[in-house]
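This report describes a helix pair, the enclosed cavities and a strand hairpin in one protein chain. The sequence and the structure are shown first.

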Amino acid sequence: MSFDTDVLISGAGATGLTLAIDLARRGVSFQLIEQNTKPFSGSRGKGIQPRTLEIFEDLGIVDRVAAAGEPYPPLCQYRPDGSHKVSLLTGADVFPATAEPYAAPLMLPQFATEAVMRERLSELGHHPHFGTQLTGFEQDSHGVTARIAQKGSEQVIRARFLVGADGGRSFVRHALAIDFPGEALGVRAIVADVQLEGLDRSAWHRFQFDSAATQIMICPLAGTDLFQIQAPVALDGEIDLSPVGLTALIGDRTGKGDIRVRSVSWSSVYTMSARLADCYRIGCVFIAGDAAHVHPPTGGQGLNTSVQDAYNLGWKLASVLAGAPEALLDSYEAERRPIALNMLRLSTRLLGEVKQGIMRRDREARQLDLDYRGSSLNVPGPVDGKLQAGDRAPDAPCCGQAGQRTRLFTIFQGTHWTLLGYEPTYRPSAIAGVRIVTIGAGNELVDEDGYIVAAYGIDPGQWVLVRPDGYIAGIFSSRELEQQLSCYLAHMLPVHPTYTLGLEGPEGGGELLRDP
């Protein structure tokens with residue numbers, strides 16, 4: 001069967017760009033198309049949560065993102081009598097920890113985040129095709145035949161897989177007739193990126209915070225000279241989003257006549273809803289990001305959940321394209337849809353709190369505790385340990401045997417699986433696609449300060465298998481390693497033959513065999 005590309009990605013926002021970067025570094029052929037003629041220019045998803053920063057580190061862009069953005073400013077809330085109170089959005093200062101190197105969310109307008117991602121994609125030799133629209137597709141048991149239109153002409157592309165990362169009004173989702181149930185939340189709002197005068201940039205300003213219908217928030221956008229205006233508006237009727245109209249709205253809701261909007265670079269009026277697609281995959285076609293879930297913006301969850309959808313899907317598509325069992329792809333929906341369901345509940349709950357005047361972003365919004373404990377990809381094991389299969393693999397500083405300082409996240413970075421052995425009595429032979437690292441005196445890594453043991457709670461002789469997306473697949477004892485790992489990798493790695501694990505050292509000495 002002849003294909004023009006392995007993966008066709010429809011939509012070049014944060015979701016599509018994440019998937020494209022991941023596939024590019026894995027050497028997977030793809031085409032990334034976007035129906036709009038130029039990149040998105042708005043600030044919409046301006047909060048990047050700590051878990052997403054960890055993903056950006058793996059993709060090679062976290063420092064660029066951090067350099068472009070800034071920490072969230074304090075929240076200044078104005079009372080009707082003119083007095084105000086200043087607080088932190090997180091409720092208290094949060095600091096990086098050895099297991100969690102990124103503690104607090106970062107502010108960066110969505111257009112700036114996506115610009116960094118496009119730059120990274122260009123470094124990897126790829127770019128989005130703007131002004132290119134998916135107009136239709138059919139699929140069979142082998143792949144997808146897609147029709148795309150560009151500059152008035154149409155062409156047909158044959159792809160092994162199609163991924164709809166094309167937003168809340170997703171053409172792909174509609175074409176698949178996937179139901180998108182949920183509810184309207186009875187809130188209509190504006191968001192606008194503006195240049196204004198009359199407010200300082202040291203705080204996120206919130207007026208009438210005790211009034212659900214008339215509050216207004218004006219936030220300086222990190223890395224720019226812009227402010228973002230957010231405000232609820234009437235459920236129907238025209239809204240004047242011109243500088244004059246927004247200046248009048250601000251004056252009416254703040255009581256201040258000295259705040260003036262000079263220009264508007266982007267604006268939108270939208271009605272909030274919470275919806276979740278009934279399924280994320282039909283045959284060779286997938287949906288991800290806003291195509292699979294829409295929600296209120298409270299809590300800064302949307303862009304982050306979308307990035308993580310793509311990060312979960314990318315390594316699985318690459319593995320199957322290289323020969324892993326296609327059943328691996330079933331785990332995408334099984335793992336990500338429950339995450340989205342909980343995200344919708346969180347953002348809807350936070351919307352209710354905002355209506356009551358409460359604006360707080362605690363640990364659950366940072367997405368560090370999201371897990372796949374119920375996943376079919378987990379190796380069954382003890383449930384009483386500090387970590388279980390399906391949990392996020394923590395970071396930990398350590399030292400290389402040659403004396404250099406390093407971190408587990410540096411060991412994990414890349415497209416491989418990682419097998420960590422703590423004070424092992426033997427070392428498995430090399431396994432294609434798996435980086436084997438041993439820890440302890442006389443081994444590759446030295447846990448001199450005990451951070452690895454503290455984070456993982458492992459005992460001498462235990463092994464931890466970490467997936468390419470930084471989640472724990474299983475924790476093995478030495479006596480279980482050969483049998484369980486051989487069986488597991490036969491269903492995960494991109495080869496079909498059965499694996500027999502050979503061991504080096506006193507308990508082994510063979511090579512990794514692939515039985516015909």
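The model is predicted. Helix H7 (residues 302-321) and helix H8 (residues 330-355) pack with their axes 10 Å apart, at an angle of about 170 degrees. Angles over 145 degrees count as roughly antiparallel, and H7 and H8 are therefore roughly antiparallel to each other. On the H7 side, the contact is made by Thr 305, Gln 308, Asp 309, Asn 312, Leu 313 and Lys 316. H8 contributes Ser 331, Tyr 332, Glu 335, Arg 336 and Met 343 to this contact. By class, the contact of H7 with H8 comprises three nonpolar, four polar and four charged residues.

A search of the whole structure finds two cavities of 30 Å³ or more. Their volumes and linings by class are listed below.

| Cavity | Volume | Lining by class |
|---|---|---|
| Largest | about 150 Å³ | six nonpolar, two polar and six charged residues |
| Second largest | about 30 Å³ | four nonpolar, two polar and three charged residues |

The largest cavity has 14 lining residues, and those nearest its centre are Glu 54, Asp 58, Tyr 311, Phe 409 and Phe 412. Helix H2 (50-59) and helix H9 (408-412) are the elements that give two or more residues to this lining. H2 provides the largest share, five residues.

The second largest cavity is lined by Arg 51, Ile 55, Gln 308, Tyr 311, Asn 312, Arg 336, Tyr 372, Asp 469 and Tyr 471. The elements that give two or more residues to this lining are H2 and H7. H7 gives the most, with three residues.

Some residues recur in these descriptions. Tyr 311 is one of the residues nearest the centre of the largest cavity, and Tyr 311 also lines the second largest cavity. Gln 308, Asn 312 and Arg 336 are among the residues that make the contact between H7 and H8, and these three residues also line the second largest cavity.

The remaining feature is a pair of strands. Strand S5 (residues 75-78) and strand S6 (residues 84-87) pair in the antiparallel sense over four bridges. Gln 77 has Lys 85 in S6 as its bridge partner. S5 and S6 form a hairpin with five residues between them. In the turn of this hairpin, Gly 82 has a positive phi of about 95 degrees.

Key: Residues are numbered from 1 along each chain as its sequence is written. This is a predicted model: local features need pLDDT of at least 70, side-chain atom pairs count only at pLDDT 80 or more; totals for chains, interfaces and linings use all residues. Side-chain values use heavy atoms; hydrogens and water are left out. Axes are lines fitted to C-alpha atoms, for helices over the stretch in contact, and angles run from 0 to 180 degrees between N-to-C directions. Angles under 35 degrees count as roughly parallel, over 145 as roughly antiparallel, 65 to 115 as roughly perpendicular and the rest as oblique. Contact means heavy atoms within 4.5 Å. Ala, Val, Leu, Ile, Met, Phe, Trp, Tyr, Cys and Pro count as nonpolar, Asp, Glu, Lys and Arg as charged, and the others, Gly among them, as polar. On a 1 Å grid over the protein atoms alone, a cavity is a set of points where a 1.4 Å probe fits but cannot get out, and a pocket is an open set with protein on both sides within 12 Å along at least five of seven lines; lining residues have an atom within 4 Å of a point. Grid points are joined across faces, edges and corners, and a volume is the space filled by probe spheres set on the points. Two strands pair if DSSP finds at least two bridges between them.
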